[in-house]
Amino acid sequence: MISKYDEVKQRLPELVELERITKATQVPCHTRIIQQVECGDYRLPIYAIDLGDMREGKPSLILVGGIHGIERIGAQVVIAQLKVWLERLKWERSLQQGLAEINITLIPIVNPVGMMLNRRGNGNKVDLMRNSPIESEDGSLLVSGQRFSKWLPWFRGSKQQLEPESLALQEEIAAITRRSPFTLSIDCHSGFGMHDRIWFPYAYRRRPMKDIAPIIALKLLWESSYPNHQYIFEPQSNHYMTHGDLWDYFYKKFGRNGNTFLPLTLEMGSWNWVRKRPLQMLRLEGLFNPLVPHRKRRALRRHLPLMDFLRHATHSYKNWLPTGLQVEKLQQMAHSLWYRNDLG
Ligand SMILES: [Zn+2]
C-alpha cells in the first residue's frame, strides 16, 4: 500500500520539490502557508515564499503559478526561477544587495488540488481565472465563463464568495500593493498557441487600463534591453474576453490607491511542444505542457531572462516609469498599437 506522502509525491511532485528546496536553502527566505485546501483525505498548503525583508516602501515583484491545475508548466517555471535565485543568492552580491531595496514574493502553486487532480479548476471545479465578480462587456461564449453548471468547463463559482485560493491570492496582493509604491506581478500559464504572450488587463473590456503608459514603457524597455525576444505583448482582450479575471479584479481594487500596480500574465504557447509531437495532443495535459524532458528543460530556461528583467525593472522602476508629457505620448502610442478601433 502506498502511503499518503507517496501519493502526493506521485501526483503533485511540484509541491514536494517546493518543500524540499525551501527547507534545504541556507539563504534567508521566508516560507509561509497562506491557505490550506481540501483534496479528499488531504489538506494541501498554498505556499508563499518571500525574498527580501518585506519592509514597507520598497517596490515588489510577485511571481505566480499553478492557478490552472492542468497547466503544470506555469508552476514549474516559477519553481525553477526560485531555485535559480536561491542558488545565486549564495554568492551574487548584486542580487544580495538588490534585496535590500526590493521585495520578491513567489506563489508557485495557487491551485494545488487542481494540480493534484490534473485539471483546470480547483476542488469545487471552479476556474479561478473566471472567479472574480467582474462581468465582461462581451462574454457570450462559454469560454468567457459560466455559472450554469460546475460540470461544464470555465465554471465561475459563486457570485457572492471568492474561492479560498482566490481569497488567499487577494490577501497577498492587497498586502503587497499597500506597502509598495510599485508592484509588478507575473502569473504563468500555458495555452494552445504558436507564441509566448505577455498579457495585461483588461480581459473584461477592450478599452485601455489607466496604467497603459507604464505598460507600454515596460514593453519598450524590454524590447530595447532584450532585442529579438519571442514574446507578444498585448491586452488580454485582444485574444479573448472573459468574465471574472482575477487580475482585472485585483488591478481595479488595488491599482488605484496611489501606488502603481502592473499585473502581467505569461501565456506560454504550447504549439512549440505539440507540433513536433502531435500524438501528445491525445493527452489533455499534452496540450498544456511539454512532455518530452528536453522540451520541458527548454521551457524552464526560456523565461529566466524575462523574470530577471522584471526583477531589474521593479528595482529600477523610478528610472523608466513615465511622468508628465511622456505619459500622454505613450498613451497615444498604445492607442495606435492596440486600441485603434476602440478609443476609450
Ligand atoms: Zn491558464
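In what order do the eight strands of the open sheet stand? In this predicted model, the order is S1-S2-S4-S3-S5-S8-S6-S7, and the pairing is mixed, where strands and helices are DSSP runs (E, at least two residues, for strands; H or I, at least four residues, for helices) numbered from the N terminus, and where two strands count as paired if DSSP finds at least two bridges between them. Strand S1 (30-39) and strand S7 (231-235) occupy the edges, each with a single partner strand, so one side of each is left without a neighbour in the sheet. From one strand to the next the twist averages 20 degrees, with axes taken as lines fitted to C-alpha atoms (for helices over the stretch in contact) and angles running from 0 to 180 degrees between N-to-C directions.

Because the model is predicted, local features need pLDDT of at least 70 and side-chain atom pairs count only at pLDDT 80 or more, whereas totals for chains, interfaces and linings use all residues. Residues are numbered from 1 along each chain as its sequence is written, and side-chain values use heavy atoms, with hydrogens and water left out.

Strands of a sheet pair through backbone hydrogen bonds, either parallel or antiparallel. At the S1 edge, nine bridges join S1 to S2 in the antiparallel sense, and Gln35 stands opposite Ile46 in S2. The hairpin formed by S1 and S2 has two residues between the strands, and in this hairpin Gly40 adopts a positive phi near 60 degrees. Strand S2 (residues 42-51) is also paired with strand S4 (residues 103-107), again antiparallel, over three bridges, with Ile49 facing Leu106 of S4.

Strand S3 is joined to S4 by five bridges in the parallel sense and to S5 by six bridges, likewise parallel. Leu63 stands opposite Leu106 in S4, while the bridge partner of Gly65 in S5 is Cys188. S3 is mostly covered, six of its six residues being buried, a term that denotes under 20% relative accessible area, with exposed meaning over 50% and partly exposed the range in between (1.4 Å probe, protein chains only). Ser60, Ile62 and Val64 point one way from S3, whereas Leu61, Leu63 and Gly65 point the other way, and all are buried.

Two helices lie across the sheet, with contact defined as heavy atoms within 4.5 Å. Helix H6 (residues 164-179) lies across S1, S2, strand S3 (60-65), S4, strand S5 (182-191) and strand S8 (260-269), and runs at about 160 degrees to S1. Helix H7 (residues 212-225) lies across S5, strand S6 (196-200), S7 and S8, and runs at about 50 degrees to S8.

The zinc ion is coordinated by ND1 of His68, by two OE contacts of Glu71 and by ND1 of His189, at 2.1 to 2.5 Å; donors are N, O and S atoms within 2.8 Å of the metal (3.2 Å for Na, K and Ca), and since water is not among the atoms, sites may look incomplete. The angles subtended by the four donor atoms span 55 to 148 degrees, which makes the arrangement irregular, given that four donors count as tetrahedral if all angles lie between 85 and 135 degrees, that four count as square planar and six as octahedral if opposite donors are over 155 degrees apart and all others between 65 and 115, and that anything else is irregular. In sequence, the donor residues follow the spacing H-x2-E-x117-H. His68 counts as buried at 4% relative accessibility, and Glu71 is likewise buried, at 3%.

A search of the whole structure finds 22 salt bridges, each being a side-chain nitrogen of Lys or Arg within 4 Å of a carboxyl oxygen of Asp or Glu. One of them pairs Glu14 with Arg72, the closest N and O atoms being 2.9 Å apart. Glu14 lies in helix H2 (residues 13-24) and Arg72 in helix H3 (residues 72-89), so the pair ties together parts that are 58 residues apart in sequence; both residues are buried. The side chains of Lys83 and Glu17 also meet in a salt bridge, at 2.6 Å from N to O, which links Lys83 in helix H3 to Glu17 in helix H2, 66 residues apart. Lys83 is partly exposed, with a relative accessible area of 34%, and Glu17 counts as partly exposed at 23%. Within the sheet strands, Glu234 forms a salt bridge with Arg197, with 2.9 Å between the closest N and O atoms; Glu234 belongs to strand S7 and Arg197 to strand S6, 37 residues apart, and both are buried.
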